[in-house]
2 protein chains.
Amino acid sequence: MTPVTAAERSDAARNRERLLLAARELIEQSGAAALTMDRLAEHAGVGKGTVFRRFGSRAGLMLTLLNDSEAAFQARFLFGPPPLGPGAAPLDRLIAFGSERIAYVLEYGDLVLAAGNAPRGRFEVPAAALWNQHVEMLLREAGFDSPEPWLMAGSLNSTLDPERLLHLVREHGVTSERLAISWRDLVTRVAGRA
Amino acid sequence: MTPVTAAERSDAARNRERLLLAARELIEQSGAAALTMDRLAEHAGVGKGTVFRRFGSRAGLMLTLLNDSEAAFQARFLFGPPPLGPGAAPLDRLIAFGSERIAYVLEYGDLVLAAGNAPRGRFEVPAAALWNQHVEMLLREAGFDSPEPWLMAGSLNSTLDPERLLHLVREHGVTSERLAISWRDLVTRVAGRA
């Protein structure tokens, strides 16, 4: 094997980013179910072999997309601009956290379910622990005076369960706006009047 | 086939009740995982064949136990004595509802999970709809003034998800008392200060 040069590594990273960007565009246009390796290759203007070499399989592509989205979401609530990130009032950050989770679940739909149901969900479990920690911190900052903020954070997060949200949207026609309003109502009652 | 007489039917019903009672005793003593057809036959003092004729399989026995428990629970929150049943203040009924669900999930453990994960959960789905309806009614009676009491009822019920409760108990050593206190805290904040 010839050694990989820095320029080649940088090319590879750029190609990866371009493919992920194209994949996100396709999901935005037609939903995650419509995202196939063929359509991605076509949309990105590359050969199908390139897409398979990069992600291995459709499942690999999906996991990469989810991991990237989750990492981006974590960066936003930890370090990003308010109201999701630091700088806003804790209650406003809580409200933003739920709205963004709801939007994320509705955008990625079945992908999130598939990742959550995967055996040994390496990705979902640490993420859920981090969300809980984050919500617990915001509850404390908001002056939540119960002895069990960690349990309450878990309860609040359980209302954002992807399967539940998708069921409400698909079977009952509930909009993301109504879900976000109901979340705001919930956290305001729990944290806002503490 | 010889026709079944009224006396025979009545005998069969009594035998069924006796077997279910013995099964509940075994669960109370050693947990649901320890309940086998062999142990049930031994504990009830009947032949193993009788147990299999009655319930078909261990899964059939479990489903019968759960259906009976669920029906009994429904009867209690719909028609039973306060605070779970009518007559108590709506907030007290809400608190009792969660405590009883928590106790039920911890008692039946994996059985509840197995029933919930069964394809086309004929039993779980209508039950969940009835619980939602019940919690929504109590929220309204408590003067809950949001435009979406049905969504809030669903959110509250999602915190009682069996998988979540069992995870907290088994992986984090949370007691049923702490879970019940956290539920009381949640519904008091949501409904009690509406």
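Start with Leu139(B): setting aside neighbours within four places in sequence, this residue is in contact with Leu94(B), Phe144(B), Pro149(B), Met152(B), Ala153(B), Leu156(B), Val190(B) and Ala191(B). Keep in mind that this is a predicted model. Leu139(B) also shows up in the largest nonpolar core, which has 105 residues. Within that core, Leu139(A) and Leu139(B) are the residues with the most contacts. As a general rule, in soluble globular proteins nonpolar side chains tend to be buried together.

Now for how the two chains go together. Chain B can be superposed on chain A by a rotation of 180 degrees, with 0.1 Å of shift along the axis and an RMSD of 0.1 Å. The two copies are thus related as by a two-fold rotation axis. What about the surface through which the copies meet? Of the interface residues of chain B, 100% are also interface residues in chain A, so the copies meet through the same surface.

Asp185(B) gives a close-up of contacts between the chains. This residue sits in helix 10 of chain B, residues 176-192. Is Asp185(B) buried or exposed? Its relative accessibility is 18%, and buried means under 20%, so Asp185(B) counts as buried. Apart from neighbours within four places in sequence, Asp185(B) touches Phe144(A), Ser146(A) and Met152(A). With one of these, Ser146(A), there is a polar contact from side chain to side chain, at 3.2 Å.

Next, the annotated stretches of chain A. Two come from an unreviewed UniProt entry: "DNA-binding region" for residues 36-55 and "domain: HTH tetR-type" for residues 13-73. Here is how those spans look in the model:

| Span in chain A | Distance between end C-alpha atoms | Helix | Strand |
|---|---|---|---|
| Residues 36-55 | 12 Å | 80% | 0% |
| Residues 13-73 | 21 Å | 82% | 0% |

Over in chain B, helix 2 covers residues 37-44, and its buried residues include Met37(B), Leu40(B) and Ala41(B). Seen down the axis of helix 2 of chain B, the buried residues fall within an arc of 100 degrees, so they line one face of the helix. The background is simple: an α-helix has 3.6 residues a turn, so residues three or four places apart point the same way.

What covers the buried residues of helix 2 of chain B? The cover includes helix 1 (6-30), helix 3 (48-55) and helix 4 (58-79) of chain B. After helix 2 of chain B comes Gly45(B), with a positive phi near 70 degrees.

Terms used
Residues are numbered from 1 along each chain as its sequence is written. Chains are lettered from A and ligands numbered from 1 in the order in which they are written. Side-chain values use heavy atoms; hydrogens and water are left out. UniProt positions are given in the numbering used here, feature names are shortened, and annotations may be inferred rather than shown by experiment. Helices (H or I, at least four residues) and strands (E, at least two) are DSSP runs, numbered from the N terminus. Copies are superposed by least squares on the C-alpha atoms of residues with pLDDT of at least 70 in both. Contact means heavy atoms within 4.5 Å. Buried means under 20% relative accessible area, exposed over 50%, partly exposed in between (1.4 Å probe, protein chains only). The arc is that of the directions from the helix axis to the C-beta atoms. A polar contact is a pair of N or O atoms within 3.5 Å; within protein, one must be able to donate a hydrogen and the other to accept it, and residues adjacent in sequence count only if both atoms are side-chain atoms. A nonpolar core is a set of buried Ala, Val, Leu, Ile, Met, Phe, Trp, Tyr and Cys residues joined through side-chain atoms within 4.5 Å.
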